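Me: I have a model open on my screen and would like a close look at one part of it. Could you walk me through the cysteines, and then the charged pairs?

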Amino acid sequence: MGSRLFKTFNVLVTFLVLLFILAAVGTVLVRGLPFIPLSLKMPELVFAIRLSLLTSIVSTAACLLVAMPVAYTLARYNLPGRGIAANLLRIPLTLPPIVSGVCLLLLFGTTTFGEILARMGLRFVFTVTGIILAQFFVNLPALITVLKAAIEAVDIRLEYVARTLGCTPARAFLKVTLPLIRNNILAGLVLTWGKALGEFGAVLMLAGATRFKTETLPISIYLNMATGDMEALMASAAILILIAVISLAVFERAGVKLYERVPGL
């Protein structure tokens, strides 16, 4: 009897949470989907979509280029202070995005370092480049964590075998480890891209909220909410939700493929 009550309680709570999430998301989709075809003809929303896609793709690619060597270093090299370094790299994960934006704004807007970069033409405050930097800063630690766990799951002896057959360390990584973690990379990239696309707090603080300049989809929602344009707001929110659902589906699919590969490793 006790076991049945325990199971019923857990299932009921799960169902209620699922119902709550679907009700909240579904309300936006039901109201927003009809506005999408019309909103795609609005120059402002088209600009926001294009800018969001551009910045999220560039920042995700930058995250991958940086996260891979960092993750390999943390996973494979027994360096002094490796644990401390790993924890420090996760700091942006625990910060509210708006605080991350403040950190970046102060660093690149009020310091000598930022002034030097500005003289070199690298301006991040209230620019599109700032959007990319904010997305990069917020999302890099999560991708490092995903890739580090994936690399650690691959037996290092496989790389050693490849080296005994004449491979350099880099070639052993490219030929052995990289193919085994490709689904993890795909899943990490999809989640990173989805989070970059929806990043708001850090982007708002560093790049601002200027129409037709730094207006990404989340910024568009913020601006349209401020002006009371509910049609554009609902359309932008519905687009972001659809992208999030698709991203999760791809992530889940990549995860299934990974688990299917485990017995054959």
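How far is the sulfur of Cys103 from the closest cysteine sulfur, and in which residue does that sulfur lie?

Reply: Happy to help! One word on the ground rules: this is a predicted model, where local features need pLDDT of at least 70 and side-chain atom pairs count only at pLDDT 80 or more, while totals for chains, interfaces and linings use all residues. Residues are numbered from 1 along each chain as its sequence is written, and side-chain values use heavy atoms, with hydrogens and water left out.

Now to your cysteine. The closest cysteine sulfur to that of Cys103 belongs to Cys63, and it is 17 Å away, too far for a bond. A disulfide here is a pair of cysteine sulfur atoms within 2.5 Å, and the structure holds zero of them. Cys103 is partly exposed, with a relative accessible area of 37%, whereas Cys63 is buried at 1%. For these labels, buried means under 20% relative accessible area, exposed over 50%, and partly exposed in between (1.4 Å probe, protein chains only).

On to the charged pairs. Side chains of opposite charge can pair when their charged atoms come close. The count of salt bridges in this structure is seven, each being a side-chain nitrogen of Lys or Arg within 4 Å of a carboxyl oxygen of Asp or Glu.

One of them joins Arg211 to Glu44, with 2.1 Å between the closest N and O atoms. Arg211 sits in the loop between α12 (201–207) and α13 (217–227) and Glu44 in helix α3 (residues 43–76), so this pair ties together parts that are 167 residues apart in sequence. Helices (H or I, at least four residues) are DSSP runs, numbered from the N terminus. Glu44 is buried at 17% relative accessible area, while Arg211 is partly exposed at 30%. Glu215 comes in here too: a network of salt bridges links Glu44, Arg211 and Glu215.

Two other pairs each stay inside one helix. In helix α8 (residues 128–153), Lys148 and Glu152 are four residues apart, about one helical turn, and their salt bridge spans 2.8 Å from N to O. Lys148 is buried at 16%, and Glu152 is partly exposed at 43%. In helix α9 (residues 156–164), Arg163 and Glu159 are likewise four residues apart, about one helical turn, and the closest N and O atoms of their salt bridge are 3.8 Å apart. Here Glu159 is buried, with a relative accessible area of 0%, and Arg163 is partly exposed at 33%.
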